[in-house]
Amino acid sequence: MPHEQDQTTDIDTQDTTPTDVQETVDAPSMRGAPEEGLYDLTLDDETAAFFGPNGEDLNFDGFDQFSAVAAEMDLSQHAVDQLVGAYAGVQAKRAQEIADAVGRMVQGWQDDARADPEIGRANWQSSVDSANRVIQQFGTPELVNDVLVGQGIGNHPEMVRLLARIGHSLGATPEPKTASYDGPAPATDRDALASSMYSATTPSGKVKG
């Protein structure tokens with residue numbers, strides 16, 4: 001019986017691993033405190049956009065104390081970055097929640113003012129005009145920007161009521177003056193002063209006078 005020829009094919013045992021496979025990069029270590037325990041307060045781009053490039057608005061007053069504890073635990077800069085980032089995220093969420101709550105409160109004030117039987121409804125435009133007269137005559141940019149608009153108080157029904165009643169008592173519009181001028185303020189400036197309150201807070205009304 002003839003001897004069968006060996007059909008086995010030689011296999012190239014040469015390493016076929018692609019030469020372009022990248023080596024696995026080790027993850028940053030969570031251990032290894034910097035020299036003297038001096039950490040940098042670093043923020044990612046998204047967090048920095050909210051709190052400022054150097055975290056100046058983060059209000060992390062206890063960072064030095066936190067750094068001391070982190071160094072005692074031998075945490076690396078990377079580990080501290082992760083913790084600070086998490087803290088900043090919580091702070092950002094809390095700040096947004098507060099801003100939303102204040103916005104709802106101010107909007108509620110404005111809705112109440114517009115619905116008020118004395119200063120709102122059919123009397124709303126007259127109340128706005130009267131309030132504007134008071135601001136034109138006696139107001140300052142600081143009152144408008146820092147108090148009435150900045151703190152949203154210009155929307156409160158009782159603030160609108162007070163200004164409207166004073167305005168009604170003035171009767172005819174007097175010559176407007178502001179603290180920024182020795183004489184009568186130009187119309188464009190006094191219009192901007194009053195409208196900056198009611199355009200940004202309550203529905204704007206055409207300033208008369």
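**Exercise 1. A polar residue inside a helix**

Find out which helix holds Gln110, decide whether Gln110 is buried or exposed, and name the side chain it pairs with.

*Solution.* Start with the place: Gln110 belongs to helix α3. Keep in mind that you're looking at a predicted model. Next, check the accessibility. Gln110 has a relative accessibility of 11%, and the cut-off for buried is under 20%, so Gln110 counts as buried. Last, look for a partner: the side chain of Gln110 makes a polar contact of 3.0 Å with the side chain of Asn155.

**Exercise 2. The overall layout**

Work out how many helices and strands the chain has, and what share of its residues count as buried.

*Solution.* Count the elements: there are seven helices and zero strands. Reading from the N terminus, that gives α-α-α-α-α-α-α. Now for burial: the chain has 209 residues, and 30% of them count as buried. One more step, on contacts. Take those between residues at least 6 apart in sequence; 75% of them join residues at least 24 apart.

**Exercise 3. The largest nonpolar core**

List the residues of the largest nonpolar core and say which element gives the most to it.

*Solution.* First, the members: the seven residues are Tyr39, Phe63, Ala70, Leu75, Ala79, Val80 and Val84. Second, sort them by element. Two elements supply two or more residues each, α2 (63-72) and α3 (77-115). Of the elements, α3 contributes the most, with three residues. Third, zoom in on one member. Setting aside residues up to four places away in sequence, Phe63 touches Tyr39, Asp40, Leu41, Val80 and Val84. Don't stop there, though: a second, separate core has five residues, among them Ala113, Ile119, Trp124 and Val160.

**Exercise 4. Two helix pairs**

Describe how α2 packs on α3, then do the same for α4 and α6.

*Solution.* What do you need to report? Two packed helices are described by the angle between their axes and the distance between the axes.

- Step 1: α2 and α3 pack at about 140°, and their axes are 11 Å apart.
- Step 2: this angle makes α2 oblique to α3.
- Step 3: the crossing of α2 past α3 is right-handed.
- Step 4: on the α2 side, Phe63, Phe66 and Ala70 make the contact, and on the α3 side Val80, Leu83 and Val84 do.
- Step 5: for α4 and α6 (residues 157-170), the axes come within 7 Å and cross at roughly 80°.
- Step 6: α4 and α6 are therefore roughly perpendicular to each other, as 65 to 115 degrees is the range for that label.
- Step 7: α4 residues in this contact include Trp124, Ser130, Val134 and Phe138, and those from α6 include Val160, Leu163, Gly167 and Leu170.

Now add a residue from α4. Asn132 sits in that helix and, at 0% relative accessibility, is buried. Its C-alpha atom is 7.7 Å from that of Gly167, although the two are 35 residues apart along the chain.

**Exercise 5. Odd backbone angles**

Say where Asp74 and Arg121 lie, and give the phi of Asp74 and of Arg121.

*Solution.* Begin with the usual case: most residues other than glycine have a negative phi. Asp74 isn't a glycine, yet its phi is positive, near 60°. You'll find Asp74 in the loop between α2 and α3, where it is partly exposed at 35% relative accessible area. Arg121, also not a glycine, has a positive phi of about 55°. Arg121 is in the loop between α3 and α4 (124-138), and its relative accessible area of 59% makes it exposed.

**Exercise 6. Before the first helix**

Place Ser29 in the chain and find which residues it is in contact with.

*Solution.* Ser29 belongs to the segment before α1 (45-51). With 44% relative accessibility, Ser29 counts as partly exposed. Leaving out neighbours within four places in sequence, its contacts are Ser76 and His78. Now compare positions along the chain: Ser29 and Ala79 are 50 residues apart, while their C-alpha atoms are separated by 7.7 Å. Finally, a polar atom of the Ser29 side chain lies 3.0 Å from the backbone oxygen of Arg31.

Conventions
Residues numbered from 1 in each chain as written. Predicted model: local features only at pLDDT ≥ 70, side-chain atom pairs only at ≥ 80, totals over all residues. Heavy atoms only, no water. Core = buried A, V, L, I, M, F, W, Y, C linked by side-chain atoms within 4.5 Å. Buried < 20%, exposed > 50% of the residue type's maximum accessible area, 1.4 Å probe, protein only. Helix = DSSP H or I, 4+ residues; strand = E, 2+ residues; numbered from the N terminus. Contact = heavy atoms within 4.5 Å. Polar contact = N/O pair within 3.5 Å; in protein donor to acceptor, adjacent residues only side chain to side chain. Axes fitted to C-alpha atoms, helices over the stretch in contact; angles between N-to-C directions. Parallel < 35°, antiparallel > 145°, perpendicular 65-115°, else oblique. Left-handed = near helix turned anticlockwise from the far one by under 90°.
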